[in-house]
Amino acid sequence: MIKIYSPENVIEAQCLKDFLEQQHIPCFIGGQYLAGAIGELPVAGLLGLYVEDMDAGLARRLICDYLNATPVF
């Protein structure tokens, strides 16, 4: 598996994980349990979204499109 994105928090990580899985891309959130150790560990870079190597390119494009999308009101 390869890290494709570093979310800012667990909520963003879970939303993106759900989004990728809806697109049939299995995804794993790494470091989500380390987020509770804030104060003992550096904050930056704890979380990561991981996918299989063969899905990395598509997953990165989907995340980029998702993050740059205009909300519909």
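## Exercises on a sheet, two helices and two glutamates

At 35% relative accessibility, glutamate 21 counts as partly exposed, a class that lies between buried (under 20% relative accessible area) and exposed (over 50%), with a 1.4 Å probe and protein chains only. The model is predicted: local features need pLDDT of at least 70, side-chain atom pairs count only at pLDDT 80 or more, and totals for chains, interfaces and linings use all residues. Residues are numbered from 1 along each chain as its sequence is written, and side-chain values use heavy atoms, without hydrogens and water.

**Exercise 1.** Find which residue forms a salt bridge with glutamate 21.

*Solution.* Start with the rule: a side-chain nitrogen of Lys or Arg must be within 4 Å of a carboxyl oxygen of Asp or Glu. Lysine 17 meets it, since its closest N and O atoms with glutamate 21 are 2.8 Å apart. Next, place the pair: both residues lie in helix H1, 4 residues apart, about one turn of the helix. Helices here are DSSP runs of H or I with at least four residues, strands are runs of E with at least two, and both are numbered from the N terminus. Then check the partner: lysine 17 is buried, at a relative accessible area of 18%. Finally, the count by this rule comes to 1 salt bridge.

**Exercise 2.** Describe the surroundings of glutamate 12.

*Solution.* Glutamate 12 also has its place in helix H1. This residue is buried yet has no salt bridge; lysine 3, the nearest side chain of opposite charge, is 12 Å away. For charge, Lys and Arg count as positive and Asp and Glu as negative, while His and the chain ends are not counted. The side chain of glutamate 12 does reach the backbone nitrogen of glutamate 8 at 2.6 Å. Leaving aside residues up to four places away in sequence, glutamate 12 touches Tyr5, Pro7 and Leu67, where contact means heavy atoms within 4.5 Å.

**Exercise 3.** Work out the order of the strands in the sheet.

*Solution.* Two strands pair if DSSP finds at least two bridges between them. S2 and strand S3 (residues 48-51) are joined by 3 bridges and run antiparallel. Within this pair, phenylalanine 28 stands opposite tyrosine 50 in S3. The open sheet of 3 strands has the order S1-S3-S2, with antiparallel pairing. Strand S1 (2-5) and strand S2 (28-30) are the edge strands, each pairing on one side only.

Terms used: Polar contact = N/O pair within 3.5 Å; in protein donor to acceptor, adjacent residues only side chain to side chain.
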